[in-house]
Amino acid sequence: MAAELHSLFQPGRNCYRAARARRAALLVNGEAYFRAFAHAALRATESILVVAWDFHSQTRLHLGEAGVPDLLGDFLNFLVRRNRRLRVLILAWDYPLVFGRGREPPAGSDGGWQPHRRISVHYDSSCPLGAAHHQKIVVIDGVVAFCGGMDLTLSRWDTTLHSTADPRRMNVGETQPYGPVHDVMLAVDSGAARALQSVASERWRQATGRALPVASADGDPWPASLSATFSHVDVALARTAAANSHEPAITEVETLHLDLIAAAKRSIYIENQYFTSRVLGDALAARLAEPEGPEVVVVLRHTSSGWLEAPTMSALRTILIRKLRDADAYGRFHAWYPHTPGEPGCDLHSKLMIVDDEWLRVGSANFANRSMGLDTECDLVLEARGDASTRAAIASVRNALLAEHLGVPRTDLQNALSVTGSLGATIASLATADGRSLRRFEHLDEPAPAVVALANGVADPERPLSMEELIAGFDPAAAKAPAARPAAPAPAVAGRISNLLRGTILGILIGTLVATLFARRLALGSRAALDVVWLLVVTFGAIAAFRWVMRRWRT
């Protein structure tokens, strides 16, 4: 029997708490997660606590069980009606209008979901400017919990087959299936679940000002249909939260990421929606420059969506991939994306890292700047500490994920890996141009400086933004310009125009805040949200153009 290794976890430094889980299970894709959540919820006796980036009552659960509602909102109402002791508490991000597309009106409003009186729904508006509440946690009776990259919302359910035009992959009210989507969650029980209850309860207190009672159910809501992937393992909880007037910033997610990268000896396998973090990128580059450093394999989504996200996050990903390729003196860096010829690409949404078959990380944090210091995040990291069965289970999980992406049986991947001894070489040997597989990132166009400045200043900052920084994010030349000698004072007219425009932008931002509050109450549609967004874009563009003219005038 191998000797037990020293733990990487250091509560108070790289994690909030380390706890023991008697059972843990990796849930790959929405079919597995939605089923496990629903079966655990059906066994709940006291409480169901949901902390989320998004929540939608019209989400299909795809249970197919007689007498059990299939839509999430109806399902939760059904649970509390049949069990008078049960309380359901839901905390979702109080999103700005720019993120309004696809979301439903507030619960209890006209046109919104009408929850039962023992279901409490609150919207978290406590995040700093530019930040989002991004944690994805569900806790059942305080003793079984789920954490990872999936919200209980629309367009998340899919199977491991990712079949084109699967008719089950259809949102309520729509006529065409949404595209394939890949994501993962981790289910844990006992001490690890209680630790997640603590994190979720603290977030509830910060958002609502009210403390939750301690869950004290006696039963075991672990789903009978869910087999444990791991048994008796140590699990650490790592968080991100921006600083506020009462508390310092929490950067446990970033610190534990850095410790995992530094500890790697053989391989680092990453799946993520984004790949933009400068700090983590620097750490990977340093390891790739070492003669005996680990192999680094990343599987990412190919294309982002959204008017802001698509150009900005893709630009920062290009910069990081190029940087790592430049640092890769020994041919150990490999970047891939899921691809099926002639069909919509699979939207890879997972946030996962596996290091040396020793650590498995699953959570809400993207490999992005904002997840390291701005948004609220929660990750789980499972540690083998040299235990052979746990290491084998982690390796099996990684192999299953790669086999899914490559569209090959797991045994084929395991056989190829035993021959090559390299994850990158194994993928290259199994990747094919026909059918579902993985493709390398090859054509990476140089991003425009304006897009990069917008990405760094607005889309993916590392910390909360001031008003000046937010405006400067739309002025890339100012962001890149070196310090210059003091210029002559601008003409009085220019100063007055500058003050007028600054006042205008502040007024529009305040007006947007007011519009957001009214929209939340009146359940305005996405068209109104888009009108506000474009108004802001045009105004920021006018500010940038004016500052460019003023610089030319002064020189």
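This is a short talk about one protein chain, its helices and a few of its loop residues.

Okay, hi everyone. Before I start, keep in mind that this is a predicted model. The chain has 555 residues, and 55% of them are buried. Along it you'll find 15 helices and 18 strands. If you take the contacts with a separation of 6 or more, 79% come from residues 24 or more positions apart.

Let's go to helix α6, residues 309–327. How far apart should its ends be? Well, with 19 residues at 1.5 Å a residue, α6 should span 27 Å, and its end C-alpha atoms are indeed 27 Å apart, so the two agree. Now, which residues of α6 are buried? There's a run from Thr 312, Met 313, Ser 314, Ala 315, Leu 316 and Arg 317 to Thr 318, and then Leu 320, Ile 321, Leu 324 and Ala 327. As a reminder, an α-helix has 3.6 residues a turn, so residues three or four places apart point the same way. And what covers those buried residues? The cover includes two strands, β12 (295–300) and β13 (333–339), plus the helices α5 (278–288), α7 (369–373) and α11 (449–459).

Next, a pair of helices: α9, residues 410–420, and α10, residues 423–430. Their axes come within 9 Å and cross at roughly 125°. That angle is over 115 but not over 145 degrees, so we call α9 oblique to α10. The crossing is right-handed. On the α9 side, the contact uses Asp 412, Leu 413, Ala 416, Leu 417 and Thr 420, while α10 brings Leu 423, Ala 425, Thr 426, Ser 429 and Leu 430. Sort those by class and you get six nonpolar, three polar and one charged.

Now for some loops. Most residues other than glycine have a negative phi. Here are two with a positive one. His 62 isn't a glycine, yet its phi is about 60°. You'll find His 62 in the loop between β2 (47–52) and α2 (72–82), and at 26% relative accessible area it is partly exposed. Then there's Arg 385, with phi near 50°, in the loop between β17 (377–383) and α8 (388–406). Arg 385 is partly exposed as well, at 21% relative accessibility; the buried label needs under 20%.

Last stop, Ser 155. Where does Ser 155 lie? In the loop between β6 (144–148) and β7 (181–182). Ser 155 is partly exposed, at 27%. Leaving aside residues up to four places away in sequence, Ser 155 touches Asn 171, Tyr 178 and Val 181. Pro 177 is 22 residues from Ser 155 in sequence, with 9.0 Å between their C-alpha atoms.

Definitions and conventions:
Residues numbered from 1 in each chain as written. Predicted model: local features only at pLDDT ≥ 70, side-chain atom pairs only at ≥ 80, totals over all residues. Heavy atoms only, no water. Helix = DSSP H or I, 4+ residues; strand = E, 2+ residues; numbered from the N terminus. Expected span 1.5 Å × (residues − 1). Buried < 20%, exposed > 50% of the residue type's maximum accessible area, 1.4 Å probe, protein only. Contact = heavy atoms within 4.5 Å. Axes fitted to C-alpha atoms, helices over the stretch in contact; angles between N-to-C directions. Parallel < 35°, antiparallel > 145°, perpendicular 65-115°, else oblique. Left-handed = near helix turned anticlockwise from the far one by under 90°. Nonpolar A, V, L, I, M, F, W, Y, C, P; charged D, E, K, R; others polar.
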